[in-house]
Amino acid sequence: MTENTQQSPDRGPNDSTPELPTQYAPAEVEGPLYERWVERGYFEADAKSDKEPYTIVIPPPNVTGSLHLGHAFEHTLIDALTRRKRMQGYEVLWQPGMDHAGIATQNVVERELAKEGKSRHDLGREAFVERVWQWKAESGGQISGQMRRLGDGVAWSRERFTMDEGLSKAVQTIFKKLYDDELIYRAERIINWCPRCLTAISDIEVEYQDDDGELVSIRYGSGDSEIVVATTRAETMLGDTAVAVHPEDERYKHLVGTEIELPLTGRRIPVVADMHVDPEFGTGAVKVTPAHDPNDFEIGRRHDLPSLTVLDEHGVITVHGPFLGLDRFEARSAIVGALRAEGRIVAEKRPYTHSVGHCSRCKTTLEPRQSMQWWVKTAPLAKAAADAVRGGKVKIHPQEMEKRYFDWVDNLHDWCISRQLWWGHRIPVWYGPDGEMVCVGPDDEAPTGEGWHQETDVLDTWFSSGLWPFSTLGWPEKTESVEKFYPNSVLVTGYDILFFWVVRMMMFGLYAMDGTPPFHTIALHGMVRDQFGKKMSKSFGNAVNPLDWMDKYGSDAVRFTLARGANPGVDVPIGEDWVQGSRNFANKIWNATRFAMMNGATVEGDLPPVEEMSATDRWILSRLNATVAEVDAFYDDYQFAKLSDALFHFAWDEVFDWYVELSKTTFMAGGEPAKVSARVLGEVLDVTLRLLHPVVPFVTETLWTTLTGKESVVIADWPADSGFRDAAAEREIENLQQVITEVRRFRSDQGLQPGQRVPAKLGLSGTSLAAHEGAIRQLLRLQPAEEGFQATATLPVAGATVALDLSGAIDFEAERKRLTKDLAAAEKEKAQANAKLGNEAFLAKAPDQVVEKIRTRLAAAEADIERIAAQLASLPPQR
């Protein structure tokens, strides 16, 4: 084991160990502890240090946000990694900060203005932006305080904001570089448009849901030139400029190249042949509206079709005629009615459930819309991002997620980066009176004079957050922090933003940093769901505020629950019962450590020689070192669930339930063996608390500093596997555990009270268990056999025998009646479960989880029947 030589500044080495309170009170401990860590600078990172760097950036939460379970989950994993690396001697930087969240923040401030009866246009752009900054100062960033509650060990002095001066310079620098390299351009394309937010939005901000709409089949043309097309957006037909069919579709070959009548408009439109059309779907013919559908836009470009915009930015019809000024949904009904009146409706299907995109911010149905926007030419950037993973520069964990990464990055379309907002990084392009266009870098002078004006659009939030791994370090300046902490060691983030944030960081990092990727490893985790595996949502009524659980059970309990469910790339179910269980674990750590210290557990002096130790001492040290090695391997593989489970079972089962209990006999006897075991117990607690610290930092800090008298476990050495193993001791204690477990089970099955003492004869001679007779009798409440002893039950276990005299302890007839009643109940349960599982109609309708639950009940009933029948058979014959 490694030894930490730090000394507490609060007390000297000769001071007596303070007594721990009888109960652990997280609410009284966590806040003051965290502030002490921050005040002492434990989480700060020194770019001048000669230690090996370990860098992780926080996925920047929105300035409008508050801590949800997804944040708590992700932050727990990152904090565990950084705390361990800090203890291993690395110069750790966990970079904090927040995202300016363009649409979300602008919406928040606009809602505040609406309460005052104003809009942003009443203020004007400059005053509105100032109002947003004022809101940020007064109300934004509450998540920072909540991160402290969780115990996030971030370098607070380095906190950044995507709109602060340094990051704004980074944004302007890379925009200018991309523009000069002809990787940024301006063009009219189809984008996702929100008629409420009045801006283009990125794919990540689109939420798809199944909506009930209508599918209407409309007859275009007449007679031999008749074609039927189907649509869910009848209002867009006013902008149709063609009908497309597959070039090899025999049904329509005679019409390709001709024109047919477009109903209600008085226009004639061409029939074009295009490979995009699926002849097997519907009628095999599709209406083409280039200005209002992304696929139609591409068909329009291939066939040089005109684009007619028929909906304005608010989703209102702009075409002259009877529908002018109607909202898109009003127009849909009116147009279908007019077509019906002309006999043009061939079929109508209502409701027709289909996937519809909604704005993630305001839930408005989005409108595909042709618009002049700014774009990033992604092809060369995406290729570099793909090559970095294929070439092994960057590893994706778990590896099976690589396919999803390549599926996206190998097929990446050009990225629309402009947003029609006022809050955000304004695009650094100026337009002149004669059509000039000038891109301005951070060190350039913007054009002045009559007729010159800056682009009004701002950049997509993902543009600035894509620079996060290096802009937060001071880039474009060549700072010490860039030199020290770039590239990042690992990125820990959810698979749900792999395509959006991660890919953008990869593209920008490789482009801006001379081919050096932003991180060595991408460790992907799943999403937090409720205990039934359902997505958490306020609308579902299953959303949880993690602060409520922290208030009730403590931050350590929430952290341990989240970590214990974190398998790489897999969603994490969580329920309050599990948090209660983790709270119980924290209490167990507290109570067991307190008991051990009261019984002399100590870390003073070296460990005694192995030959002075009992088999129990050697066993626990062997298991301790094996656990250190196991936990290290799991950390290096980002297996948080497995490492948490290993620590839980080692601490609870092996240390607290077995070693502490087995040592009680030694402590009661006193003498030199008790001193040896006290030192071994102190060593085991010291190392176990250090192993647990990254996941449950608060309770371990309190216990470890009390046990050792040292300054803080935060800056203690991470345990190392000494290589000590004792296979013989492990086998011996496993046999001992088997004896105790089997006899305990038998006692329970016979209805004996836990504290009820029973006469017993132990056949231990010739086994390694002979040295443990005292512990066996103590733990099993077995008293020596006296005259008149009658063995009513003999248990052969692990090469030994335990003979029990239960004649004075059990009313056998009453026990027989109880067991007979229990057997009947178990058989009834089995019959009911079998009946349901044998019902084909039930199995066809019942959800999988319900069926599985019944199968579990059946298995439990069968096990109960077998157990109870054995207990009945073990009773003496009826008299």
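This passage describes a helix packing, a set of paired strands and several unusual backbone geometries in a predicted model.

Two packed helices are described by the angle between their axes and the distance between the axes. Helix α6 spans residues 142-150, and helix α16 spans residues 546-553. Their axes lie 11 Å apart and meet at an angle of about 35 degrees. The crossing of α6 past α16 is left-handed. On the α6 side, the contact is made by Q146, R149 and L150. On the α16 side, L547, M550 and D551 contribute. Sorted by class, this contact holds three nonpolar residues, one polar residue and two charged residues.

Strand β7, residues 206-220, has two pairings described here. With strand β13, residues 345-359, β7 pairs in the antiparallel sense. This pairing extends over 12 bridges. Within the β7-β13 pairing, L215 stands opposite K349 of β13. Strand β8, residues 227-231, also runs antiparallel to β7, and five bridges join the two. Here Y220 faces I227 of β8. β7 and β8 form a hairpin, with six residues between the strands. In the turn, G221 has a positive phi of about 70 degrees. In a regular strand the side chains alternate between the two faces of the sheet.

Most residues other than glycine have a negative phi, and most peptide bonds are trans. Departures from both tendencies occur in loops of this model. Two non-glycine residues with positive phi are D514 and A798. For D514, phi is about 55 degrees. D514 sits in the loop between α15 (498-512) and β23 (519-525). D514 is exposed, with a relative accessible area of 75%. For A798, phi is about 50 degrees. The loop that holds A798 lies between β28 (793-797) and β29 (800-804). A798 is partly exposed, because its relative accessible area is 26%, a value between the cut-offs of 20% and 50%.

Two cis peptide bonds precede prolines on either side of helix α14 (480-485). The bond from W475 to P476 is cis, with omega near 20 degrees. P476 belongs to the loop between α13 (468-471) and α14. The bond joining Y486 and P487 is also cis, and its omega is about 0 degrees. P487 is placed in the loop between α14 and β22 (488-494).

Notes
Residues numbered from 1 in each chain as written. Predicted model: local features only at pLDDT ≥ 70, side-chain atom pairs only at ≥ 80, totals over all residues. Heavy atoms only, no water. Axes fitted to C-alpha atoms, helices over the stretch in contact; angles between N-to-C directions. Helix = DSSP H or I, 4+ residues; strand = E, 2+ residues; numbered from the N terminus. Left-handed = near helix turned anticlockwise from the far one by under 90°. Contact = heavy atoms within 4.5 Å. Nonpolar A, V, L, I, M, F, W, Y, C, P; charged D, E, K, R; others polar. Buried < 20%, exposed > 50% of the residue type's maximum accessible area, 1.4 Å probe, protein only. Pairing = 2+ DSSP bridges.
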